[in-house]
Amino acid sequence: MLHFKDPSKLRTKKIVFEAVYPAQDSGTLEQLKELSSKRVNVESINENNSITDAIAREMSGGLTSQCEQDIQKLELYLPLLENLVQHVDLIGDDPLVIRWTSDLKIRWTSVLSSSFFFNLMGPRFFQIDNLRFELGIVLFLYGAMLREWASQLLVTDLVQSATLFRKAAGVYSYLAHEVLPSLEGALTPEGPPEATSSVSSVMSFICLAEAQIVTIMKAEEKRSADGLLAKLHYGVVQLFDEATDFFSTAARECKDISPSLMDYISFSKGVHELRSYKYMAQALKTDGQIGTAIGLLQHALNNVQKNVGGMESWRTVMKQDIDTVIELLRKYKHENEFVWHEKVPFDDHLPLLQGKKIATCIPYRPERWERTLALKI
Amino acid sequence: MQKATNIDDVDKTMDEINEQTENMKEIEEALATPIGAAADFDEDELEAEFEELEGAELEEQLLQPATTAPAAPMHAPPGRQEVRLPPRKNTAEEDELAALQAEMTL
């Protein structure tokens, strides 16, 4: 699987809720302080801090993985934040509340904008004076952390890895449909791509494709039939196609969206399409259609995309897959020349790839800390 | 004298031709006669047996269980042919997919 870790590198600046929202009673003040305390832990994500591994493990109740610790921080903060958002929504039209929210100075970096890569002065922070921006980016980071943890589990537990990718897909789907649509009015084309519904939809489909890739890894481990593997690989391509459709929308909405996300999608599509052709050819050869298998492999190599961007590791993986197909083609041509003498069909008489999309979202059900907040208006 | 010689030659030639024609007829008749095992078979009987065999084969084909035709693909461009694996492999593939989905809790 190709790796694209950028979405998990979001950073934020400090917020002190009780310094901005005036509490009407001690219970509300306590809750606002609890909110700020939980946020301090979120602010430490992706920051260089002096806490040792041992202390971090103790603070998290025994979790050893940095990724799991960060996920826990987000899961402890989100219910309190959802509660605040719900309460502020009820009084959100009051000019006083609007001023308080802008005084919070909600600022986050963006990992999907070009400035993330080219800003020599350090990361650029985007400020949007809306609590849904805070909720949206925290959820985006949560989805990214689930995805990162899923990638780490690839070597040890494929089932858990696929489940985490599906959970991440569910988080991004919730973000795209339930949280970010009401933020649209506050966005500008210069704003962070992570705050748009379309980018969340892109991420949701990427996570579904990755869940299916993990499933394919299990299927290959079990030596599943070539025909099935061909369909599953092409199903991955189809999921990335859906991500591409939403990326086109995102590119229209965000002036500054980085090409790295689209590079990742393109490379992944290319790799899995090639693998689908490979398995389809193997299935046809087993079925006694070596001529068609040869035609299919030739067609695959003629159509492989020649990407010039992307990471070195992606180009390496693509090259390895191309070399595998070249070797398979050489072997089949040799066998056909000496044994079968089957005619190789022209491109328009070759079979079409079929896909099966089997990965589905695990719906995200937000927890809300159901406590009353009374603010002094 | 020349006329008599020519007429004699013609007669002689005609006789020779007739003799050769008779010989050819005998040869043809000899070739048409069945020999060995084939000489023992009655053609009408053979034809009747062949028709019986054809009928039996047709009956066997009609009594075979019906197989589900594969579904046609969507958006196939004109001229592209759909090559599919035999239906019995699809069933095995579906079973394999179901087992994989169960294992991955999909």
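**Helices, core and rings in chain A**

Within α11(A), the buried residues are Ile290(A), Gly291(A), Thr292(A), Ala293(A), Ile294(A), Gly295(A), Leu296(A), Leu297(A), His299(A), Ala300(A) and Leu301(A). The model in which they are found is a predicted one. Because 11 of the 14 residues of α11(A) are buried, this helix is largely enclosed by the rest of the structure, and the elements that cover its buried residues include α10 (260-286) and α12 (312-340) of chain A. In its geometry, helix α11, which runs over residues 290-303, reaches 20 Å from its first C-alpha to its last, close to the 20 Å expected at 1.5 Å a residue.

Helix α8 of chain A, residues 197-221, can be treated in the same manner. Its 25 residues should span 36 Å at 1.5 Å a residue, and because its end C-alpha atoms are 36 Å apart, the expectation and the model agree. Helix α8(A) is also mostly covered, with 22 of its 25 residues buried. Just after α8(A) comes Arg223(A), whose phi is positive, at about 55 degrees.

Ser36(A) offers a view of a single position in helix α1 of chain A, which comprises residues 26-43. Its relative accessibility is 6%, and since buried means under 20%, Ser36(A) counts as buried. When neighbours within four places in sequence are left aside, the residues in contact with Ser36(A) are Ile15(A), Val16(A), Phe17(A) and Glu18(A).

One of these contacts, Phe17(A), leads on to the nonpolar interior. In soluble globular proteins, nonpolar side chains tend to be buried together. Here the largest nonpolar core has 123 residues, and those with the most contacts inside it are Phe17(A), Tyr21(A), Leu84(A), Trp108(A), Leu139(A), Tyr142(A) and Ile206(A). Helix α6 of chain A, residues 131-152, contributes the largest share of this core, namely 14 residues.

The aromatic rings add a further layer of detail, for a search of the whole structure finds 10 aromatic pairs over all chains. In one pair, Phe140(A) and Tyr172(A) meet edge-to-face, at 5.1 Å centre to centre and with 75 degrees between the planes. This pair links distant parts of the chain, with Phe140(A) in helix α6 and Tyr172(A) in helix α7 (residues 158-179), 32 residues apart. Both Phe140(A) and Tyr172(A) are buried. Elsewhere, one aromatic cluster is formed by Phe4(A), Phe240(A), Tyr264(A), Phe267(A) and Trp314(A).

Rings also meet charged groups. The charged end of Lys13(A) sits over the ring of Phe125(A), 4.4 Å from the ring's centre, while Lys278(A) lies over the face of Tyr279(A), at 4.5 Å from the ring centre.

A last question concerns the cysteines: how many disulfides are there over all chains? The count comes to 0, and the sulfur distances can be set against the cut-off of 2.5 Å for a pair of cysteine sulfur atoms. The closest cysteine sulfur to that of Cys207(A) is in Cys361(A), and because the distance is 8.5 Å, it is too far for a bond. For Cys254(A) the closest cysteine sulfur is in Cys207(A), and at 18 Å this is likewise too far for a bond. Cys207(A) is buried, with a relative accessible area of 0%, and Cys254(A), with a relative accessible area of 3%, is buried too.

Technical notes:
Residues numbered from 1 in each chain as written. Chains lettered and ligands numbered in written order. Predicted model: local features only at pLDDT ≥ 70, side-chain atom pairs only at ≥ 80, totals over all residues. Heavy atoms only, no water. Helix = DSSP H or I, 4+ residues; strand = E, 2+ residues; numbered from the N terminus. Buried < 20%, exposed > 50% of the residue type's maximum accessible area, 1.4 Å probe, protein only. Contact = heavy atoms within 4.5 Å. Expected span 1.5 Å × (residues − 1). Core = buried A, V, L, I, M, F, W, Y, C linked by side-chain atoms within 4.5 Å. Phe/Tyr/Trp six-rings, centres within 6.5 Å; stacked < 30°, edge-to-face > 60°. Lys NZ or Arg CZ within 6 Å of the ring centre and 35° of its normal.
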